[in-house]
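Welcome! Please open the viewer and get ready to select residues by number as we go.

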Amino acid sequence: MQKIGLNQTLAQTTKLSPTQIQVIRMLELPSIELSKRINEELQENPALEEGHEESAAQEHADEFNEFDDNYMPDDGYDEGRQRDPLQNEDFNYEQYISDDETPSYMLRQQYSPADEDQREVPIIGGSSLLEELKSQIYLTNMTKPQRHIAKWVLGNIDDDGYLRRTTEQLVDDLMFQEQLSVPDEEMEEIVRQIKEFDPPGIASANLQECLLTQLRRKAQTDAVMLAKTILNEHFETFSKHHFDKIIQRIGCTEEAFQAAVQEIVHLNQKPANAFTGSVYETQRETIIPDFTIEERDDELFVVLNTGDIPELHVSREYSDMLAEYSKTPKNAETRQAAQFIKQKLDSARWFIDAIQQRNETLMKTMTAILKAQYDFFMDGEDTSLKPMVLQDIADRTGYDVSTISRVSNSKYVATRFGIYPLKYFFSEAMTNSDGDEISTREIKKILQECIDAEDKRNPLTDEQLMAVLGENGYPIARRTVAKYRDMLHIPVARLRKKV
């Protein structure tokens, strides 16, 4: 029989400091996200201010530990040790991180470009498809209750412009969400009218219906009529590119079939693409490179881009307030006020130190990537990329692999040849016929070139691509060819065939 009781055990655990938690969070965020977070924290923490100023917060803070000796946690930070917040692999830091935790910061540092000229991809503003569709409701003869239902139905259209819900599902959802009972026939009529809206093909249930809707609105030429027959009667065969079978079954000439196919391929497969915004008026984000590779005196250097993000400093006013409290008699009210001020000052210091650690980590990691892929940054040729995995950069920097992963995720670097995500520079190694290690990216590029140059009437199969790569000194298996082709989002030969 098991005895129930209390036992005392000694266990060693690891706890992240506030600064380390902030660094972990900031490593994941690109510069543009940090610029948003800094504005939030400037409003939340009055002890943090913009601009450059010598702060007396640190010297004052030590004077007031007596207000609450147990308040300030030991952040375990030592200037002499490795500044890698993820160095201890035994610690599950994910449990400490959530979207609503303390925001992060970035300071303007010596890494900023001299001319402050940041390369940006312009923001692509989007008009709302949902609003455009709603405006067309008032051009119909729907009653006021039906217009309300129609607006609700429009909210079920996905980002591609399709309404993939059946009438029964829409009726059931409307009852559950809006407590409105609508007959199936009335719902069908509302959906039918919505499908007449612009852009053509909107609210279609599937691709076949979408394409046929667009064809019905075109001038009914012989090519359009034949295209409608192909989609109506041979859609599945057409989608599999079995063109010869369709020509034989229909009994048309190859020239007529080609004209019909041209009508089909020029149709819009995603009606919502007529608008730059999605149904929910989403907007693409600006891409601001986190790094810039600059050349000076025939040497390449890494520049950490901080854009217009200002310097941050600890508020002198708050540190002076804390100093005043040290001169007043200690009571519950003054102790509580001092603890509040000290908390804000400590938070500001932790954030600023976290920013410095983040910038050091980013710079050290990107510099290691530059050295590893120096030839590519010089000539911009994919064939110059060397095999490189996260562990290679971790070995060069002394950081943990998870730290390198966080740095390379969602980060971009501007070069003379364009803007690249950091993930672009990581690839596995393969050995060519000469015994040299090459990047798999080089093989993918050659594979893409082979497919681009193939005869589309008789595209290369995976076996033929394998033979071509083998002749060029890249002996790889057919399944590897298929794997790389899938990674390049290239369909099989049969689906690449054109008439």
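Apart from residues up to four places away in sequence, which residues does aspartate 382 touch? Select aspartate 382 and display its surroundings: the residues in contact are Phe376, Tyr424 and Lys445. Please keep in mind throughout that this is a predicted model.

**Stop 1: around aspartate 382**

Stay here for a moment. Aspartate 382 sits in the loop that runs between helix H15 (374-379) and helix H16 (390-397). Is aspartate 382 buried or exposed? Its relative accessible area is 17%, and the limit for buried is under 20%, so aspartate 382 is buried. Now add glutamate 442 to your selection. Along the chain, aspartate 382 and glutamate 442 are 60 residues apart, yet 6.1 Å separates their C-alpha atoms.

**Stop 2: the whole chain**

Zoom out and colour the chain by secondary structure. You are looking at 21 helices and eight strands. The protein chain has 499 residues, of which 44% are buried. Pairs such as the one you have just visited fit into a wider count: taking contacts between residues at least 6 apart in sequence, 72% join residues at least 24 apart.

**Stop 3: helix H2 and the loop after it**

Next, select residues 31-44, which form helix H2. How far apart are the end C-alpha atoms of this helix? With 14 residues at 1.5 Å a residue, H2 should span 20 Å, and the end C-alpha atoms are indeed 20 Å apart, so the two values agree. Now highlight Ser31, Ile32, Leu34, Arg37, Ile38, Glu41 and Leu42: these are the buried residues of H2.

Step on to asparagine 45, placed in the loop between H2 and strand E1 (48-50). With a relative accessible area of 1%, asparagine 45 is buried. Add serine 315 and draw a line between the two C-alpha atoms: asparagine 45 and serine 315 lie 9.9 Å apart in space, although 270 residues apart in sequence.

**Stop 4: the loop between H7 and H8**

Select proline 199, in the loop between helix H7 (184-194) and H8. What kind of peptide bond joins aspartate 198 and proline 199? The bond is cis, with omega about 5°.

The loop between H7 and H8 also holds alanine 203. Phi of alanine 203 is near 70°, a positive value in a residue other than glycine. Alanine 203 has 0% relative accessibility, so this residue counts as buried.

**Stop 5: H8 against H9**

Follow the chain into helix H8 (residues 207-216), and select helix H9 (residues 222-233) along with it. The axes of the two helices come within 10 Å and cross at roughly 160°. An angle over 145 degrees counts as roughly antiparallel, so that is how H8 and H9 run. Their crossing is left-handed. To see the contact, show Gln208, Leu211, Leu212, Leu215 and Arg216 from H8, together with Val224, Ala227, Lys228, Leu231 and Asn232 from H9. By class, six of these contact residues are nonpolar, two are polar and two are charged.

**Stop 6: H9 against H12**

Keep H9 on screen and add helix H12 (residues 254-265). Here the axes are 8 Å apart and the packing angle is about 80°, so H9 and H12 are roughly perpendicular to each other. From H9, show Ala223, Val224, Leu226, Ala227, Ile230 and Leu231; they meet Ala256, Phe257, Ala259, Ala260, Glu263 and Ile264 of H12. This contact has 11 nonpolar residues, no polar ones and one charged.

**Stop 7: serine 410**

Now jump to serine 410, in the loop between helix H17 (401-408) and strand E5 (412-415). Serine 410 is not a glycine, but its phi is positive, at about 65°. With a relative accessibility of 37%, serine 410 counts as partly exposed.

**Stop 8: H19 against H20**

For the last stop, select helix H19 (residues 462-471) and helix H20 (residues 478-487). Their axes come within 9 Å and cross at roughly 100°, which makes H19 roughly perpendicular to H20. Which residues meet here? Asp462, Glu463, Leu465, Met466 and Leu469 in H19 face Arg478, Val481, Ala482 and Arg485 in H20 as contact partners. The classes in this contact are five nonpolar, no polar and four charged residues.

Conventions: Residues are numbered from 1 along each chain as its sequence is written. This is a predicted model: local features need pLDDT of at least 70, side-chain atom pairs count only at pLDDT 80 or more; totals for chains, interfaces and linings use all residues. Side-chain values use heavy atoms; hydrogens and water are left out. Helices (H or I, at least four residues) and strands (E, at least two) are DSSP runs, numbered from the N terminus. The expected span of a helix is 1.5 Å times one less than its number of residues. Buried means under 20% relative accessible area, exposed over 50%, partly exposed in between (1.4 Å probe, protein chains only). Axes are lines fitted to C-alpha atoms, for helices over the stretch in contact, and angles run from 0 to 180 degrees between N-to-C directions. Angles under 35 degrees count as roughly parallel, over 145 as roughly antiparallel, 65 to 115 as roughly perpendicular and the rest as oblique. A crossing is left-handed if the near helix is turned anticlockwise from the far one by less than a right angle, and right-handed if clockwise. Contact means heavy atoms within 4.5 Å. Ala, Val, Leu, Ile, Met, Phe, Trp, Tyr, Cys and Pro count as nonpolar, Asp, Glu, Lys and Arg as charged, and the others, Gly among them, as polar.
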